[in-house]
Protein chains: 2
Amino acid sequence: MGDLKLIGKFAVADGFWGRYVRLVREVVLPYQENALNDRIEGAEKSHCIENFRMAAEKLRTGKCEGEFYGMVFQDSDVAKWLEGAAYSLARHEDAGLKRRCDEIIELIGRAQHGDGYLNTYFTVKEPDRRWTNLHEAHELYCAGHMIEAAVAYAECTGETKLLEIMCRMADHIYRHFIEEGAEGYPGHPEIELALMRLYRATGQDKYRELALHFIDVRGVNSDYFIQEKQRNNWSVWGGHPTDKEYAQNAEPVRMQRKAVGHAVRAVYLYTGMADAALETGDESLAEACRTLWNNITQCRMYVTGAIGSAYEGEAFTKDYHLPNDTAYAETCAAIGLIFFSNKMLYLERNGRYADVMERALYNCVLAGMQLDGTRFFYVNPLEALPGISGEAQTHRHALPVRPKWFACACCPPNVARLLSSLSEYAWHIDKDTLYSNLFVGGTLDVSEEFGGTVTLETAYPYDGRITYRFTPKEKAMDVRFAIRVPAWSRDTKICVNGAPAQQEMEVRNGYACLHGTFFEPTEVTVELDMSVRKVYANGRVAANTGKAAVERGPLVYCAEGTDNNDDVLSLYYKRGGSIAVGEYLPDKLCGIRELYAEGYREKGSSDLYSYETPAAEPCRITLIPYYTWGNRGLNQMRVWIPEK
Amino acid sequence: MGDLKLIGKFAVADGFWGRYVRLVREVVLPYQENALNDRIEGAEKSHCIENFRMAAEKLRTGKCEGEFYGMVFQDSDVAKWLEGAAYSLARHEDAGLKRRCDEIIELIGRAQHGDGYLNTYFTVKEPDRRWTNLHEAHELYCAGHMIEAAVAYAECTGETKLLEIMCRMADHIYRHFIEEGAEGYPGHPEIELALMRLYRATGQDKYRELALHFIDVRGVNSDYFIQEKQRNNWSVWGGHPTDKEYAQNAEPVRMQRKAVGHAVRAVYLYTGMADAALETGDESLAEACRTLWNNITQCRMYVTGAIGSAYEGEAFTKDYHLPNDTAYAETCAAIGLIFFSNKMLYLERNGRYADVMERALYNCVLAGMQLDGTRFFYVNPLEALPGISGEAQTHRHALPVRPKWFACACCPPNVARLLSSLSEYAWHIDKDTLYSNLFVGGTLDVSEEFGGTVTLETAYPYDGRITYRFTPKEKAMDVRFAIRVPAWSRDTKICVNGAPAQQEMEVRNGYACLHGTFFEPTEVTVELDMSVRKVYANGRVAANTGKAAVERGPLVYCAEGTDNNDDVLSLYYKRGGSIAVGEYLPDKLCGIRELYAEGYREKGSSDLYSYETPAAEPCRITLIPYYTWGNRGLNQMRVWIPEK
């Protein structure tokens, strides 16, 4: 079995995700291809492809014109884009895209040294400094992303050229760190999870061994980055090797109990750890993963599934510190939390992992992209204050509207590769069971495993009715089928061909399990409880005391100024007040349901401080899904609203 | 008339301020003297006095051993301490202190160059770089503080040696910037207000001219710091001359409409501007001061009178951005706001300036010092969260307990010099009127002006009864007397010898004015309305929506964990609920009254997010005055508490 289990077998076909998959294919991937080639006017320059051309030229002729441009990890933008393109090609033929990908891969091949080494920053700019600054230089990170792209491209298109290139690079890394015994571990984890994928795609044990090596040595010598700096004395951007939390190397990974430091680094590391634990059965590693996942989701995660409370270090901070307006809440970090949760779900069949995956996907990740697919948020605050957000010294990062592209362009292609590979998260086939984790409409071909197809039809996330249609191919379908029942669904009905299923009573660990042998086409319908829910944060979250948020289905809602007289800060929910669910509005914000909450608008004094009790007028608060905020210009926005 | 109008005439003698004046004399000044001489174990080294010794040695012999140590503005710590000591000597003879001060002044004199130049950083470390980095190097700032000390020492002790030293330095500055026409203005304002003091103390017009020069040229060439950097190309600490808001030089001062940048720089500048406007009658300057004062107090000031919302740049941010837990709220900035307000009060007789002065004094400034006078807050947050405050990357500055001393030790001596010169703020004699601005108990000798003394007796700030006793000296006292009636006192009673004064009806611009000719000792009593008040912030202050603060008299109250089951975050005020006033507790926190507010404690789920409505139990919330917080170890603290 390859690394990608279902991508070729599932055709997304629903209104909600269909639109996104199409958007990725028709807008996001072409837009990003243009960006990587520096063809977008007014956007930050990328220079990614040009860096590869220069590296190839230098290898061919011994020199090249011009200078490397961009971040030290600029190569990874090409890798993530290629990975997204590969997923798209898996389900949608596009000879032009395929040809252009092949050309880029050809170029990448020409930028590879004879010994397998591949990294344009070092080839062009620092040819004598390979492997001398693991702390900052992102060589293993870039290799990891290109390995992921290689695995994806091989499995989605059958073309193995990039896979061969990256096996040579992985072999080079193996020689350096294992055979030659070089010390160290990456400043930015990623290689670990990538090598696990490469191992599964190729079956080669050495890649697994190399992944485990990087996991096992991390933090054992917690001074490694300091020693490296003393020894080699060069810096890419003046990073502080003494900050051991930043790159999760203060302790060996099995001893780590709190999610600390740079949030993306953290969840990429944990994803690799969980995958390794899954592969090896290493219980101490699995236990560390559970502890860290619990710490994130019980103490350090926003209600939108976002993580990273501080701009400083793009990092986790402390338990229960979850400021709304200054949140870092990077799109990439929420995507990494989805990767981590997806691996945890393989490690331990419990719906809570899928619940978090869904929370991060439908809220933080989707908010990371403008509805038209052309602008992106790096940072996803839970409160936007025009005049302050994006402007105050403390809020420079927390932009209230999405910019076109970033000098550090990690998030846009990360969104593209996630949305074009949803099948890997929506469905699992594990041992003898088919799991439906996320409710993405479309048809999954499981002829090989279960003798037929299953089609999911739904208007989710705006409607709670989900229909699975099992169609036997030749004879009967024999299926163990596990449907995730979200923890938020307090009253879930499951029917088989219209009759209540006995099994609905047996929701275990967040899944309702059915075992059926279907000779005829069979329908399983699930009715999730789509009641609107008020959410309360733990009393230790200082930013949210006295406040409530609102959810319906998997969606977190928010209030935006434009729907609420341009003043969201004076709104209060009425405790116990009703919240009405609006009609589906196909033309508003690409199709949403609004919510209308009973509340008050307080009119206080115009003085900065006043002794007059503000007057409260009853009002109706209009709420929109959080993922649609910031699509209508500069606007106040609030997820957590005081309740009286 | 000298610069100091009343310091020699007023003897503080009340329980509240008497304790502080004694503390400054017996603990704060000796403690700081030890600190300046590096005699405190475990505290940051100061090296201040040693720097002067080295400079003197170098001037005498052409060289010195050792290196300059400390901030580029380290000299100013000596200056502020000397100024505080001078004020203390004005009312309290202390031959030892006087002798030690004289010795330091003698040392300072020996560190002065023949041309009048005085600055140990430049003398010891950068002898060839005088006046080449006005942006960062604080030469004019240090000169300003030493001028203030000189004026104070001369007026309080009659010794003019330091005044002569500083006149020579001021003459040197005059030659450089006026006669030789050097361009530029100080990166850190202070010289302006100091030169106005020097002008009034000496009567020399050139000092006034020099003060006005620095005010007038500021921001006219807004690129000055950039050009200076290009021309001279050296840096003290890598400051950014392109950030024109930081040092208030983006525009000429008369065009500035918003209080921006480093908060201490801002209010020191505005103080000098207000003093200059007062002296010259320049209405455009007065109008700029009013605009800036209004912007601060109507949009950018904490309820405690603190200013500066961001650690980044120790700065103002944007209107209505007033975060509680990450506030910068520097003690020095609140002191500067008192300086500014005091000058505004001379410029325009309106009680609102005294109201702000009182707010900043009784809340932010007093909170800056531990009750025993040995530890200090630089930063005065309005919410302390143990585990986060002082620990999270975003809260490193917002310590929850006071440290001993600081590498940058500007705040402790600033508190000392303010508290030992309270008479200058409490009382004004202006034209033919005696103003009582702040209610500090003691006896003021106004024989010269009005033919007698006035004694103020009160248990303020815990009691609202204030008694003024006028005692004619030889014949009658003829007094125009204006008593500030705080805006928060909604029902104020004024009696003369027990009979209601007619004038109580005529509170104009925040002052009740009486004109009396007293042949016999006469008592004027004022009863301020000490009802407890709930305060509401403007609806645009996102951090305080749904919340209330509590005040009584001039004091802002807060809840601390130790009085409230170690959990302040779960407390809610009941809207319209009663708040009881406790007995005066002489042994608690050096004497306070607690308040007991009707409220609720909410018990929510232990999950990070929950759909259960938290259960609310009625409870009594114990409140203590904000200035006493952080005196009982690590503790939750909250000023703004949600109200339901």
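# Domain interface and salt bridges in a predicted model

Q: How many residue pairs are in polar contact across the interface of domain 2 of chain A and domain 3 of chain A?
A: In this predicted model, the rule finds 3 residue pairs in polar contact across that interface, with both residues of each pair at pLDDT 80 or more. On the side of domain 2 of chain A that touches domain 3 of chain A, the residues divide into 4 nonpolar, no polar and 2 charged. The search for salt bridges across the interface of these two domains finds 0.

Q: What makes up the contact between domain 2 of chain A and domain 3 of chain A, and where do these domains lie in the chain?
A: Domain 2 spans 431-527 and domain 3 spans 533-642, while domain 1 of chain A is assembled from 1-45 + 292-424. The contact takes 6 residues from domain 2 of chain A and 12 residues from domain 3 of chain A. Taken over C-alpha atoms, the centres of domain 2 and domain 3 of chain A are 35 Å apart.

Q: What area is buried between domain 2 of chain A and domain 3 of chain A, and which three residues of domain 2 supply more than any other three?
A: About 740 Å² is buried between the two domains, and carbon and sulfur atoms give 58% of this. From the side of domain 2 of chain A, A:Pro461, A:Tyr462 and A:Trp488 supply 83% of the area buried against domain 3 of chain A, more than any other three residues.

Q: Why is the pair of A:Arg465 and A:Glu527 called a salt bridge?
A: The closest N and O atoms of A:Arg465 and A:Glu527 are 2.9 Å apart, and the cut-off is within 4 Å, so the pair meets the definition. A:Arg465 lies in strand S7 (residues 465-472) of chain A and A:Glu527 in strand S13 (residues 522-527) of chain A, so the pair ties together parts that are 62 residues apart in sequence.

Q: How do you know whether B:Glu358 and B:Arg484, which meet in a salt bridge, are buried or exposed?
A: Buried means under 20% relative accessible area; B:Glu358 has 1% and B:Arg484 has 0%, and therefore both count as buried. Their salt bridge has an N to O distance of 2.7 Å. B:Glu358 lies in helix H14 (residues 351-367) of chain B and B:Arg484 in strand S8 (residues 477-484) of chain B, so this pair ties together parts that are 126 residues apart in sequence.

Q: Why are B:Glu106 and B:Arg110 called partly exposed?
A: The relative accessibility of B:Glu106 is 36% and that of B:Arg110 is 47%; because partly exposed covers what lies between under 20% and over 50%, both residues fall in that class. B:Glu106 and B:Arg110 form a salt bridge with their closest N and O atoms 3.8 Å apart, and both lie in helix H4 (residues 95-110) of chain B, 4 residues apart, about one turn of the helix.

Q: What makes the pair of B:Asp3 and B:Arg197 a polar contact?
A: The side chain of B:Asp3 comes to 2.6 Å from the side chain of B:Arg197, and the cut-off for N or O atoms is within 3.5 Å, so the distance satisfies the definition. B:Asp3, in the segment before strand S1 (10-12) of chain B, has a relative accessible area of 8% and is therefore buried. B:Asp3 and B:Arg197 also belong to a network of salt bridges, which includes B:Glu83, B:Glu148 and B:Arg200.

Note on methods
Residues numbered from 1 in each chain as written. Chains lettered and ligands numbered in written order. Predicted model: local features only at pLDDT ≥ 70, side-chain atom pairs only at ≥ 80, totals over all residues. Heavy atoms only, no water. Domains from an automatic or database assignment. Contact = heavy atoms within 4.5 Å. Buried area = accessible area lost by both parts, 1.4 Å probe. Salt bridge = Lys/Arg side-chain N within 4 Å of Asp/Glu carboxyl O. Polar contact = N/O pair within 3.5 Å; in protein donor to acceptor, adjacent residues only side chain to side chain. Nonpolar A, V, L, I, M, F, W, Y, C, P; charged D, E, K, R; others polar. Helix = DSSP H or I, 4+ residues; strand = E, 2+ residues; numbered from the N terminus. Buried < 20%, exposed > 50% of the residue type's maximum accessible area, 1.4 Å probe, protein only.
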